[in-house]
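The following questions and answers examine why certain terms are applied to a structure. Please consult the sequence and the model as you read.

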Amino acid sequence: MLFGVKFKSLCLWGFNHLLAKTGLPVWMLGSGADRLRADVNRLLAFLFHQGILDEQFLQLQQLQDESSPNFVSQVVNIYFQESEKLLRNLRSLLMERKLSDYKNIGIHINQLMGSSSSIGAKRVRNVCVAFRAASDQNNRTGCLRVLEVLEHDYCFLKNKLHELFQIEQQRILAGGVGYPMQN
């Protein structure tokens with residue numbers, strides 16, 4: 001599967017799947033600021049427990065305050081834009097039938113690993129480590145397998161963080177603003 005429209009539609013499916021018959025996300029039905037705060041905390045706890053995020057994400061949240069209420073979502077959205085370019089480039093480099101350019105693959109993986117670390121995307125970073133190992137061994141088949149896992153984990157991260165930001169936005173609109181977010 002090529003990283004692109006089909007991949008993006010799979011990522012969006014996860015979020016759209018949450019929509020209730022009313023057109024509202026399930027977590028919005030009948031909830032106030034306290035309920036939304038609890039939803040944020042539950043989702044964050046899940047993401048930490050599953051190894052999706054690490055403490056770096058909490059440090060990023062601590063940089064957010066009333067003067068920059070969308071700081072985390074802005075940083076994460078930049079991460080998503082850059083990561084999608086890197087993932088497309090990685091897939092392209094690996095799909096070339098001639099000898100894969102493992103040096104260039106390594107550069108892309110290092111960029112993705114670094115940016116994933118900076119936002120606390122622990123699972124994506126860990127998959128990048130496995131990808132790097134396969135690349136260091138010039139193992140095209142291993143790289144392709146790990147790329148599939150990487151795209152899946154990236155998509156899951158993107159859906160969950162999108163869900164988190166949507167809940168947080170609703171919490172803010174409901175009047176329950178509090179900075180920085182504490183878990």
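Q: What makes the pairing of Asp34 with Arg37 a salt bridge?
A: In this predicted model, the closest N and O atoms of Asp34 and Arg37 are 3.2 Å apart. A salt bridge requires a side-chain nitrogen of Lys or Arg within 4 Å of a carboxyl oxygen of Asp or Glu, so the pair qualifies. Asp34 and Arg37 both lie in helix H2 (residues 33-49), 3 residues apart, which is about one turn of the helix.

Q: Why is Asp34 called exposed?
A: The relative accessibility of Asp34 is 60%, and exposed means over 50%; Asp34 therefore counts as exposed.

Q: Why is Arg37 called partly exposed?
A: Partly exposed covers values between under 20% and over 50%. Arg37 has 32% relative accessibility, so the term applies.

Q: What makes Glu151 and Arg91 a salt bridge, and where do these residues lie?
A: Their side chains meet at 2.8 Å, N to O, and the cut-off is 4 Å. The pair links distant parts of the chain, with Glu151 in helix H7 and Arg91 in helix H4, 60 residues apart.

Q: Why are Glu151 and Arg91 called buried?
A: Buried means under 20% relative accessible area. Glu151 has 3% and Arg91 has 5%, so Glu151 counts as buried, and so does Arg91.

Q: Why are H4 and H7 called roughly antiparallel?
A: The axes of H4 (residues 71-95) and H7 (residues 140-173) cross at roughly 160°. Angles over 145 degrees count as roughly antiparallel, and the term therefore fits H4 and H7.

Note on methods
Residues are numbered from 1 along each chain as its sequence is written. This is a predicted model: local features need pLDDT of at least 70, side-chain atom pairs count only at pLDDT 80 or more; totals for chains, interfaces and linings use all residues. Side-chain values use heavy atoms; hydrogens and water are left out. Axes are lines fitted to C-alpha atoms, for helices over the stretch in contact, and angles run from 0 to 180 degrees between N-to-C directions. Helices (H or I, at least four residues) and strands (E, at least two) are DSSP runs, numbered from the N terminus. Angles under 35 degrees count as roughly parallel, over 145 as roughly antiparallel, 65 to 115 as roughly perpendicular and the rest as oblique. Buried means under 20% relative accessible area, exposed over 50%, partly exposed in between (1.4 Å probe, protein chains only).
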